Every structure is written in C-alpha cells, then in structure tokens.
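Trainee: I would like to go through this model and ask what stands behind each label.
Mentor: Go ahead; here it is.

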Amino acid sequence: MAKTSKKHVVRELVALMLAHGVTRCVLCPGSRNAPICATLSACNEFECRHVTDERGAGFVALGWAAQAQAPVAVCVTSGSAVLNLHPAVAEASYRKIPLLIISADRPAEWIGQQDGQTIPQPNVFGALNRMSAALPEYDPEGWYTNRLINEALLELRHRGGGPVHINVPLCEPLFEETEEPLPIPRVIRRTELARMTADEEQELLEITALLPRRMILMGQMDEAPYFPPELMEDHSFALVGEHLSNCPIADCTRPDTLIGPDSNFPCIPSPDLLITMGGDTISKRLKRMLRQNPPAEHWHLCSNGEVCDTFCCLTRVIEGDKSELLELLGAFAEEGDAAYRRLWQTPPVEFEAQHCGISLVGDLMKSLPSPAVLHLGNSSAVRYARLFPLPAGIQVECNRGVNGIEGSLSTALGYAAGDSRPQFLIIGDLSFFYDMNALWMNGIPGNIRILLLNNSCGGIFSTIGAPNLDCINAPHSATAEAWAKARGFEYHSVFNADDWGTALPALLHNTESPVLVEAFTDAQRDAAILKNFYSEH
C-alpha cells in the first residue's frame, strides 16, 4: 500500500468508508482536502475519478451513483468549493440517491477571521441532506469521530437513502504521511427487521451462539415487551431493567449494589452480548461498567433505527419492533450461560437507615397500593427510588428524556387527570417550587398524593461533591404549606418519625382530596448516609 495521511480523522474516515462499501469516489483538487484525496487514491480498494470543477463533480458522482445503484463520494476542499455541490445535493435529495459529500474545512477558530477559504460549512445544505456530520477537531479517544462517521455512512442508504455531508476540519501540517496500514475501526451496522434477509438472520443467530454471557438491558419504557418463555428459560438472557423500565419480570431492577463500588472490577462481569432497548438508564455504575469493560457486541433495538451509543461500544442498530427480535432469539438461539443470568438474580443489598429523606422514599414505595402510578421527580427522588423494591402492579413515570427538574409536578398532574388509579409523586424541593404554579390549575385531580422532600437546598449536589456555594446549592427557607392548603390539599408536615407515622397513612388511604406531605430533612445527613451506603456496597 502507498503512503497515506498520518491524520487520525482521515484514516478513520477512509477505513470506515471501506468497511461500509463506499468505494467509488470523485476527487476535486485543493490543498485542504489533499490528505483525504491522497489517502483514498493510495488504497487499491477505491475507484477514484478526478474532476476539476466542483459543480460538475457533484453531478458526475450523482450519475455514477445512479448507474451503480450504490453510494458515491465526492471530496472537495474548503470554502466556496463545497457551495458548488448544492445543485447536485438538491437533485440527490429528491431522487434519494446516496451521495456522500466530504468537505475539508479550516479549524473553527479561523471562521470569519478574514483568512482564506473560511466559511461556516457544517450543515451548509440545510434540509436537503439526510445528515450533516461535523467531525470534531480534537477527539483524543476517537469514539466520537468513529460514531459520527458510522452514523453518516449508515444514513446514506437508510429508508430509501439520500445525500449525506461529512465536514472534516483539518489543521496544518496537511501533508504528513505514513506507510502504516489503515486502522481496523469499530463498524456499526444496521439491520432492518422488516427487510432482513435469511443471511442476516443467520448472522445474528450465529453471533448470539458464540457469545454465552448475554444481557437484555431495558431503559425507560411505558410498558415492557413480551418476552417468550423459551428466551428467558432455555437461552439464559439476563434481563436487567430499573423501575423505569416497567418490567415486572426483570431479573434485576436495582443493579448498583450488585455491580459494587468499583466499576473497573465489578462483582458481576460485563456481558459478551448486550442488547438494549427503551430510553434512559439511570445507574452510573452500570454505565461505567459497560464503558470500561465493553461487551464484544452491543445491539440497540429501536423502531426508528437511530444510532444511540450510550456505552461507547455499539456494533449494530436493529430497527423494528421489539417483539420481532425477541421471538427470533427465543426460537433459534442456542443456550447461553445460565450461571451468568443467576448472578443478576442475586438479591440486592437492602438499604437500612433511621428516619431520613431516603428512608421515607423507601417506606412509601414498599407500602404503595396496587394498582397505582408512581411519578418520580428528577435528581434526588429518582435516585433514592432505585434503592428500594417496588410492589407488583405499579407503573413508574419520570421525565428522563432530558432529566430536567422543571415540569415534574405539572406532568404528574396532567397524567393524573386522565387516569383513575392512585397517583403518587415523590419530588424534591427545588423541583417542586420551580413548578409550583402547576397547583394553580383548575380541577386538581383528587387522586394525586405528593411526598415533597424539603431539605432547604439542592440536596443532590451534596452527594456528588459539588462546592458548597449558594449559586450551586440554592439554599432557601420556603415551605409549601400555605400554597398547598390554598389549593385544596390535605397538608401534613414531617419533622420526625412520629410525624411520619401520621402522614404516611394519609398519603396511602385518603381518597377524598389531594394530599401533600412535606418532609423536612437535613441535606448533609442525607448525603452522608447515601455516600456511606454506596461506599460499602
């Protein structure tokens, strides 16, 4: 092989183009894109054509892609060169032709500084291209660059296909070369279940058979999918999902204490095959374990085929209905490591502490009637809830899409207005007071029960080691009593265990009017108790 560019981003791009079968290229002259053009030209696997005029080059690539029924790349230098591709991109967009635009770019700090060929190039084609990937200038671990390139190349042929733009900022020196072979990059594949061939199906099953330690990890879902009995019994998939997964048959709903405090040396090893579905996973221990000890294969199952690489080890996106994949694995996969699944079925360590904010959450959760809906505010409330078991028949809801503290109270009230089951909300003080105007609504549902944990500040910051500054911890002396009573709530304040003994039955059994229990706790004590628990387990 001839000499190629020493720049990591160029070598990663070319290696992934080869892995994804994008081997037809139209190259335009220039200095900023020279490292890319030289590397593509040096690899025998690529078929390259040279066109001087960028406007014509775009259409040459378009015609080639139409003829070959395959993606074709066109590579241009920085500045106005990329603008000349706009007509071809527009045509490719409406004809759904997989045209890959690779534009070299100057470092971002020089844009708009009267330095030659510097214009804002990312997303220059707007809505006409299917994706615009602006590669980072600095990416020491390489994971982000790899993910973006994989995602862009997958989008070329996804759902009918179309044009995709990859913008590559390159700093000087531009012409350093190496004789080293291209890297072997991580390649992310996409399998569409609705269009899956027999060969693709066989590939999935063969991979599964070779990987005995298997985990299905469920993030936040309104309802868990149906798991075929043979999948869970004969083929030994460990089924892990926190309370937000709403999966009553999960082997483990509280993974933190099973993993242990050191994610580098977890008490339970990472799986060989990880299959994820649903939304957010809260456990930082689990995230660290899977990132630091990545599985050989990570498949993410979703309905729209998006690339979601939470654990930095994604190898395949499976687009389609959850039940289709689970039936496939249940019907054909060979038996896995049953001992691995049993590790995840180990009873978790139970949290024990005298009267504190955390124990109040546990007391309420263990006593919830069934059926009921449990709403969790973000920050402390949702984290405390992970420590305790949940009775059967409880639906769990939380605004974990972006994890903001705003709107938790309003969301719970909106949900309760349309659902006759008892509705319980556990919420922290900052989140409550931020959203207290939610109680201003007319017709507050009588089935709402609120446990307000008021520790007079943002208690979560004490648990993560944040500086003890007012601008961070937001100390206050507010109480909800007057506002709650004015809005028709039965109100109880809790300062000690005796108060809690009166307030808890009111939360659980009052069916005539909405109830708000405000528990006053010490933020520093709660933080110390939580830190001590996690340091020991």
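**Labels and their criteria**

Mentor: Helix H2 (residues 34-42) is largely enclosed by the rest of the structure, because 7 of its 9 residues are buried. This is a predicted model, in which local features need pLDDT of at least 70, side-chain atom pairs count only at pLDDT 80 or more, and totals for chains, interfaces and linings use all residues. Residues are numbered from 1 along each chain as its sequence is written, and side-chain values use heavy atoms, with hydrogens and water left out.

Trainee: Which residues of H2 are buried?

Mentor: They are Ala34, Pro35, Ile36, Cys37, Thr39, Leu40 and Ala42. Buried means under 20% relative accessible area, exposed over 50%, and partly exposed in between, with a 1.4 Å probe and protein chains only. Helices (H or I, at least four residues) and strands (E, at least two) are DSSP runs, numbered from the N terminus.

Trainee: Why is Thr191 called buried?

Mentor: Its relative accessible area is 1%, and the cut-off is under 20%, so Thr191 counts as buried. Thr191 sits in strand E9. Leaving aside residues up to four places away in sequence, Thr191 touches Met196, Leu204, Arg316, Val317, Ile318 and Glu319, where contact means heavy atoms within 4.5 Å.

Trainee: What makes Leu507 buried?

Mentor: Leu507, in helix H20 (residues 497-509), has a relative accessible area of 0%, so the label buried applies. Among the residues that Leu507 touches, not counting those up to four places away in sequence, are Leu364, Phe424, Trp500 and Val517.

Trainee: What is the crossing of H1 with H6 called?

Mentor: It is right-handed, the term for a near helix turned clockwise from the far one by less than a right angle; anticlockwise would be left-handed. The axes of helix H1 (residues 8-19) and H6 come within 10 Å and cross at roughly 35 degrees. Axes are lines fitted to C-alpha atoms, for helices over the stretch in contact, and angles run from 0 to 180 degrees between N-to-C directions.

Trainee: Which residues meet there?

Mentor: Val9, Glu12, Leu13, Leu16 and Met17 in H1 meet Thr145, Asn146, Ile149, Asn150 and Leu153 in H6.

Trainee: Which strand gives the most to the lining of the largest pocket?

Mentor: E9 does, with 4 residues. A pocket is an open set of points on a 1 Å grid over the protein atoms alone, where a 1.4 Å probe fits, with protein on both sides within 12 Å along at least five of seven lines; lining residues have an atom within 4 Å of a point.
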